[in-house]
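Please look at the sequence and the model below. The text that follows goes through the ligand site and then the pockets.

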Amino acid sequence: MTESNDREALRAREQGVAETYERAMAVGLELDMTRGKPSPKQLDLANDILALPGITEYRDSEGADCRNYGGLDGLPRMRRLFGEILGCPAENVIIGGNSSLTIMHDTIVRAFLWGVPGGKAPWGKQGNVKFLCPVPGYDRHFAVTQHVGIDMLNVGMTDAGPDMDQVEALAKDPLVKGIWCVPKYSNPTGVTYSDEVVERLAKMEAATDFRIMWDNAYAEHHLSDDHDRLANMFDACRKAGNEDRLLMFASSSKMSFAGAGVAAMAASMTNVRDTKKHLSMQTIGPDKVNQLRHLKFFGDIHGLRAHMSRQAEIIRPKFELVQNVLGRELGGKGIASWSNPKGGYFIDLNVPDGCAKDVVALAAEAGVKLTKAGATFPQGQDPRDRNIRLAPTLPSLDEIKDAMKVLAICVELSSVRKQLAG
Ligand code: PLP
């Protein structure tokens with residue numbers, strides 16, 4: 001086929017897809033797939049919490065009166081529960097308020113103002129300090145570091161976690177103070193870090209005040225019984241003699257109620273003592289009544305896992321539907337690739353370079369709101385403009401089907417136009 005025949009074929013293709021797009025616009029959809037929120041059905045599963053702990057049930061199993069001040073690090077059974085989620089002893093856990101993001105934000109701010117154990121000075125007094133940001137990643141992590149004024153260095157994500165050759169090379173710089181990690185069912189790639197990545201992060205050369213921000217937000221969020229397995233980072237860091245470099249975080253936001261759950265951090269005893277010293281200036285103690293109602297609801301780690309299996313029954317068909325529609329509409333066309341995670345909240349879509357913003361804009365015009373293109377990168381800048389995060393949990397199955405069909409049309413339209421322009 002000659003070059004002009006090729007262009008003719010492309011133009012005809014563009015016209016055909018544009019007509020399909022016009023028809024999709026005419027339907028007048030109003031769908032929102034922007035954020036990874038639980039659906040009402042998932043939330044309903046935890047409604048018993050609304051009636052707990054009960055009007056006479058204000059003591060925990062150790063007899064503490066949860067209505068009163070006290071217990072800076074949380075109820076012992078809640079510390080044990082988060083220790084089991086995060087893979088460490090209860091004594092290494094501090095229970096916070098309702099949000100792990102708040103704890104992460106405060107941790108970074110404290111390190112910036114006062115430094116961390118092992119550091120010679122506060123991060124903020126050491127010059128232009130930097131953070132490693134595996135990309136694509138969680139937008140709110142990047143927002144915290146940007147807000148505090150910490151420079152961000154992009155590190156590529158592989159199928160096994162962050163590109164460790166890059167991480168090890170960059171972490172040698174003493175001004176690099178940490179790395180953001182979502183180690184299991186990563187937001188948004190769905191990747192679970194391999195044993196090798198865990199070990200290299202634990203062992204690598206880095207500043208004594210370098211911190212791994214190990215945000216294990218999706219530790220218990222499997223889509224089925226076929227789980228990914230994550231190596232124990234707490235043990236790996238201890239074995240490597242680097243136990244102070246690890247700070248772990250989790251919450252029940254996507255187990256019980258989003259924004260009304262219980263959050264926790266866990267770390268070495270040196271870090272726990274340092275954190276508590278600062279925390280005691282910030283609060284007299286966390287909300288123990290909320291911890292108590294969650295303990296009564298979940299019981300223990302087995303109860304929590306049974307609850308998460310019930311959630312998976314609701315979420316899994318939505319993920320499968322996204323896979324089916326994308327596979328049918330875009331499979332084999334060489335214009336898109338997407339993740340097929342075993343857990344978490346997201347499917348990660350890559351479209352041809354230079355098309356992500358266009359696809360998101362086209363979808364918005366057709367009534368399908370997607371996460372802003374670039375949101376998964378520091379400063380909102382995706383250097384290849386190709387990554388789009390899909391959040392299938394909140395919409396209904398019918399809405400997902402409509403939204404994915406529209407998305408597929410937008411990907412085709414944008415890529416054919418890009419080819420014509422190129
Ligand atoms: N960490 C990650 C990786 C998330 O995806 C989210 C929410 O989407 C959070 C933290 C927020 O957690 P929390 O509600 O405990 O602040």
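Which atom of the ligand is 2.7 Å from an N or O atom in the side chain of Ser251? That atom is an oxygen of the ligand. The model is a predicted one, and the distances that follow are computed from it.

Two further polar contacts can be located in the same way. A nitrogen atom of the ligand is 2.5 Å from an N or O atom in the side chain of Asp215. With Leu101 the backbone is involved: one of its N or O atoms lies 3.0 Å from an oxygen atom of the ligand. The ligand, taken alone, exposes 400 Å², and 86% of that area is buried by the protein.

The contacts belong to a shell of residues around the ligand. Along the sequence, this shell contains Ser99, Ser100 and Leu101, then Tyr138, Val182 and Asn187, then Asp215, Ala217 and Tyr218, and finally Ser251, Ser253 and Lys254. By class, five residues of the shell are nonpolar, five are polar and two are charged.

Next, the pockets. The ligand takes up the space of the largest pocket, which holds about 550 Å³. Its lining consists of 25 residues, and those nearest the centre of the pocket are Tyr138, Arg140, Tyr218, Ser253 and Lys254. Two elements, α4 (100-114) and β8 (246-251), give two or more residues each to this lining. Of the elements, α4 gives the most, with three residues. The lining of the largest pocket divides into ten nonpolar, nine polar and six charged residues.

The second largest pocket can be described in the same terms. Its volume is about 460 Å³. It is lined by 21 residues, and Pro136, Met157, Asp348, Asn350 and Arg386 are the closest to its centre. Here the elements that give two or more residues to the lining are strands: β4 (151-158), β10 (337-338) and β11 (347-350). The largest share comes from β4, with four residues. Which classes make up the lining of the second largest pocket? There are seven nonpolar, nine polar and five charged residues.

To return to the ligand: Leu101, Asp215 and Ser251 are among the residues around it. In the model, the side chain of Asp215 pairs with a nitrogen atom of the ligand, whereas the side chain of Ser251 pairs with an oxygen atom.

Key. Residues are numbered from 1 along each chain as its sequence is written. This is a predicted model: local features need pLDDT of at least 70, side-chain atom pairs count only at pLDDT 80 or more; totals for chains, interfaces and linings use all residues. Side-chain values use heavy atoms; hydrogens and water are left out. A residue is near a molecule or strand if one of its heavy atoms lies within 4 Å of it. A polar contact is a pair of N or O atoms within 3.5 Å; within protein, one must be able to donate a hydrogen and the other to accept it, and residues adjacent in sequence count only if both atoms are side-chain atoms. Accessible areas come from the Shrake-Rupley method with a 1.4 Å probe; for residues, only the protein chains shown count as cover. On a 1 Å grid over the protein atoms alone, a cavity is a set of points where a 1.4 Å probe fits but cannot get out, and a pocket is an open set with protein on both sides within 12 Å along at least five of seven lines; lining residues have an atom within 4 Å of a point. A molecule sits in a cavity or pocket if more than half of its atoms lie within 2 Å of its grid points. Ala, Val, Leu, Ile, Met, Phe, Trp, Tyr, Cys and Pro count as nonpolar, Asp, Glu, Lys and Arg as charged, and the others, Gly among them, as polar. Grid points are joined across faces, edges and corners, and a volume is the space filled by probe spheres set on the points.
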